[in-house]
Amino acid sequence: MIKVTVPATTANVGPGFDCLGIALSLYNEIEVEEIEEGLLIEVEGRDQEKIEKNKNNLIYQSMLKTFDKIDRYPKGLRIKQYNNIPLARGLGSSAACIVGGIVAANKLMGNLLSQEEVLELAVEIEGHPDNVAPALLGGVVVSCQDEGKTSYVRFPVHETLKFIVAIPEVELSTKASRGVLPESVPFRDAVKNVGKSSLLVAALMSGELEKIPYALQDCLHQPYRTKLMASLETIFSKAEKLDLNQLFLSGAGPSIIYLSWKQEEERARTFINLVNTMPEQWNIKTLQGDNKGTS
Ligand SMILES: Nc1ncnc2c1ncn2[C@@H]1O[C@H](COP(=O)(O)OP(=O)(O)O)[C@@H](O)[C@H]1O
Ligand SMILES: N[C@@H](CCOP(=O)(O)O)C(=O)O
């Protein structure tokens, strides 16, 4: 029996659209074993009723692509999923399946793929590197995909950072959320995002946490995506008035994350109280960064 544990991820982190992601201390577990024939899929935990338990299952599909790449196949397969990462909430649920499936298939067949090859295949399946890279490697990962090649730099998440994650019951698929993004943006918005994302990465790497709130502003995707849910627009607008500006949309949303650290507990409570005034049911989780990645 092969067992794989995969962390949730928060991608974009404000201005780092499609190129910045952080692994979080919320995990899915996958167990796989070869059987005589056929495909058996069991799913337990969060959103298990929404997950396909047949050949369309994303973990199975990711495993199959791995077997194709190494040209080795099991006789039959049993997959068991234990889910804690909610689907379609912007916490890298699909990335966790893709990375978990590839790593599990690779382990089952004798680890013939290198970590780089695992990452390349994961990016090919997901279509962008900013979730799958931190899901595989842990930590903070700055990644760039160009002409089929992915390059990245990984560094550990600062141990004092806390991620106050507000998760609504409402779903928003990554595909739908990407569909509302513009074909082009004003040059000044592009320049602003380059500056903010560069400053954000430098502050995360150097530990100059006080510079993070100023660096978290985004013009490329958040202004368009927050319009998809009235409460998102309200929370961002009220948070700005309350000077709670270390707030960003997690991945493609709809979850939002308030970044907190020492001496910030009071403001984090103000954020939680603000979220709880919204009409929908919101689940609040306080997470740390994950520096292990998939194991
Ligand atoms: N835990 C999971 N198990 C199986 N399939 C999943 C899981 N999470 C996501 N998927 C598949 O990936 C698709 C896209 O997932 P989505 O939730 O939109 O991505 P994300 O959570 O990364 O925002 C879902 O429609 C589903 O088919
Ligand atoms: N860069 C992507 C990130 C999607 O993250 P997810 O956790 O919502 O899948 C995007 O913004 O579409």
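Reader: Which residues come nearest to ligand 2?

Author: Happy to start there. In this predicted model, a residue belongs to the surroundings of a ligand if one of its heavy atoms lies within 4 Å of it. Ligand 2 has 15 such residues, and the nearest are Asn-12, Asp-18, Asp-130, Arg-178 and Arg-225.

Reader: How do those surroundings divide into nonpolar, polar and charged residues?

Author: Sorting the shell by residue class gives a quick chemical sketch. Around ligand 2 there are four nonpolar, seven polar and four charged residues.

Reader: Which polar side-chain atoms should I look at around ligand 2, and at what distances?

Author: For polar contacts, look for pairs of N or O atoms within 3.5 Å. Asp-130 places a polar side-chain atom 2.6 Å from a nitrogen atom of ligand 2. Oxygen atoms of the ligand are partnered too: one lies 2.9 Å from a polar side-chain atom of Asn-131, and Thr-174 has a polar side-chain atom 3.0 Å from an oxygen atom of ligand 2.

Reader: How much of the accessible area of ligand 2 does the protein cover?

Author: Here you compare the ligand on its own with the ligand in place. Ligand 2 alone has 350 Å² of accessible area, and the protein covers 98% of it.

Reader: Why does ligand 2 lie between domain 1 and domain 2?

Author: The trick is to ask where the shell residues come from. Both domain 1 (2-155) and domain 2 (162-287) contribute to the shell around ligand 2, so the ligand lies between them. Among the elements, helix H4 (129-137) and helix H5 (174-178) each give at least two residues to that shell. As for the space itself, ligand 2 sits in the largest pocket.

Reader: And where is ligand 1?

Author: Ligand 1 also takes up space in the largest pocket. Strand E4 (76-83) and helix H2 (93-108) are the elements that give two or more residues to its shell, and H2 supplies the largest share, three residues.

Reader: Which residues are closest to ligand 1, and what classes make up its shell?

Author: Of the 13 residues surrounding ligand 1, the closest are Gln-81, Ala-88, Ser-93, Ser-94 and Thr-174. The shell has five nonpolar, eight polar and no charged residues.

Reader: What are the polar distances for ligand 1, and how much of its area is buried?

Author: Read them the same way as before. A side-chain N or O atom of Gln-81 is 3.0 Å from a nitrogen atom of ligand 1, while for Asn-83 the distance to a ligand nitrogen atom is 3.3 Å. Thr-174 brings a polar side-chain atom to 2.8 Å from an oxygen atom of ligand 1. Taken alone, ligand 1 exposes 550 Å², of which the protein buries 79%.

Conventions: Residues are numbered from 1 along each chain as its sequence is written. Chains are lettered from A and ligands numbered from 1 in the order in which they are written. This is a predicted model: local features need pLDDT of at least 70, side-chain atom pairs count only at pLDDT 80 or more; totals for chains, interfaces and linings use all residues. Side-chain values use heavy atoms; hydrogens and water are left out. A polar contact is a pair of N or O atoms within 3.5 Å; within protein, one must be able to donate a hydrogen and the other to accept it, and residues adjacent in sequence count only if both atoms are side-chain atoms. Accessible areas come from the Shrake-Rupley method with a 1.4 Å probe; for residues, only the protein chains shown count as cover. On a 1 Å grid over the protein atoms alone, a cavity is a set of points where a 1.4 Å probe fits but cannot get out, and a pocket is an open set with protein on both sides within 12 Å along at least five of seven lines; lining residues have an atom within 4 Å of a point. A molecule sits in a cavity or pocket if more than half of its atoms lie within 2 Å of its grid points. Helices (H or I, at least four residues) and strands (E, at least two) are DSSP runs, numbered from the N terminus. Ala, Val, Leu, Ile, Met, Phe, Trp, Tyr, Cys and Pro count as nonpolar, Asp, Glu, Lys and Arg as charged, and the others, Gly among them, as polar. Domain bounds come from an automatic or database domain assignment.
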